[in-house]
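Hi,

Here is the structure I said I'd pass along. Have a look at it first, and then read on for what turned up.

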Amino acid sequence: MGTEVTMSELPDCDTCKMQGKSAKAEYDAKTYRGPWAYMCEDCWSVFAAAPGKLGTGIGQRLVCRKAE
């Protein structure tokens, strides 16, 4: 597993949704509480188990695939 995954559309940030906010996710990462979540940049820096790090067992950056 790499540090990036390409998607056709970015999902909503799970942690923002729980707070009644709306943002597009930029990461799929393990939270410091254990479960994985889609997170925006701000949430990733606060809730990720290893903020600033990506890789197997830690998380991936989400990249939106350009329409062809």
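**What W44 touches**

Leaving out residues up to four places away in sequence, W44 touches Y27, A29, M39, P51, G52, K53 and L54. One caveat before the rest: this is a predicted model. W44 sits in helix α2 and is buried, as its relative accessible area is 8%. Its C-alpha atom is 8.8 Å from that of D28, although W44 and D28 are 16 residues apart along the chain.

**The overall layout**

Stepping back, the protein chain has 2 helices and 4 strands, and along the sequence they come in the pattern β-α-β-β-α-β. For a chain of 68 residues, a compact globule would have a radius of gyration near 11 Å, and the 11 Å found for the protein chain agrees with that. The C-alpha trace spans about 40 × 30 × 15 Å along its principal axes. Of the 68 residues, 28% count as buried. If you take the contacts with a separation of 6 or more, 48% of them come from residues 24 or more positions apart.

**The sheet**

The 4 strands make an open sheet with mixed pairing, in the order β1-β4-β2-β3. Which strands stand at the edges? They are β1 (4–7) and β3; each has a single partner strand, so one side of each is left without a neighbour in the sheet. From one strand to the next, the twist averages 25°.

As a reminder, strands of a sheet pair through backbone hydrogen bonds, either parallel or antiparallel. Here β2 and β4 (residues 59–64) run antiparallel and are joined by 3 bridges. Within that pairing, Y27 has R61 in β4 as its bridge partner.

**The nonpolar core**

The largest nonpolar core has 10 residues: C13, C16, Y27, A29, A37, M39, C40, C43, W44 and A48. Three elements give two or more residues to this core, namely β2 (27–30), β3 (36–39) and α2 (41–47).

C13 is one of the core residues, and its contacts are worth a look in your viewer. Setting aside neighbours within four places in sequence, C13 is in contact with A23, K24, A25, Y38, M39, C40 and C43. M39 and C43 turn up again around T15, a residue of helix α1 (residues 14–18): T15 touches Y38, M39, C43 and F47, not counting residues up to four places away in sequence. Is T15 buried or exposed? Its relative accessible area is 11%, so T15 is buried.

**The aromatic pairs**

There are 2 aromatic pairs in the structure. In one of them, the ring centres of Y27 and W44 are 3.9 Å apart and the planes are at 10°, so this pair is stacked. Y27 belongs to strand β2 and W44 to helix α2, so the pair ties together parts that are 17 residues apart in sequence. Y27 is buried, with a relative accessible area of 7%, and W44 is buried too, at 8%.

The other pair is Y32 with F47, also stacked, at 6.3 Å centre to centre and with 15° between the planes. Why does that pair tie together parts that are 15 residues apart in sequence? Because Y32 lies in the loop between β2 and β3, while F47 lies in helix α2. Y32 has 48% relative accessibility, so it counts as partly exposed. F47 is partly exposed as well, with a relative accessible area of 24%.

**The loop between β2 and β3**

T31 is also found in the loop between β2 and β3. At 11% relative accessibility, T31 counts as buried, since the cut-off for that is under 20%. Apart from its neighbours within four places in sequence, T31 is in contact with W36, A37, M39, F47, A48 and A49. Of those contacts, A37, M39 and A48 are among the residues of the largest nonpolar core, and F47 is the ring that stacks with Y32.

If you want somewhere to start, open the model on W44 and Y27: both belong to the largest nonpolar core, and their rings form the stacked pair with planes at 10°.

Cheers

Note on methods. Residues are numbered from 1 along each chain as its sequence is written. This is a predicted model: local features need pLDDT of at least 70, side-chain atom pairs count only at pLDDT 80 or more; totals for chains, interfaces and linings use all residues. Side-chain values use heavy atoms; hydrogens and water are left out. A nonpolar core is a set of buried Ala, Val, Leu, Ile, Met, Phe, Trp, Tyr and Cys residues joined through side-chain atoms within 4.5 Å. Buried means under 20% relative accessible area, exposed over 50%, partly exposed in between (1.4 Å probe, protein chains only). Contact means heavy atoms within 4.5 Å. Rings of Phe, Tyr and Trp (its six-membered ring) pair if their centres lie within 6.5 Å; planes under 30 degrees apart count as stacked, over 60 as edge-to-face and the rest as tilted. Two strands pair if DSSP finds at least two bridges between them. Axes are lines fitted to C-alpha atoms, for helices over the stretch in contact, and angles run from 0 to 180 degrees between N-to-C directions. The radius of gyration is taken over C-alpha atoms; the globule rule is 2.2 Å times the number of residues to the power 0.38.
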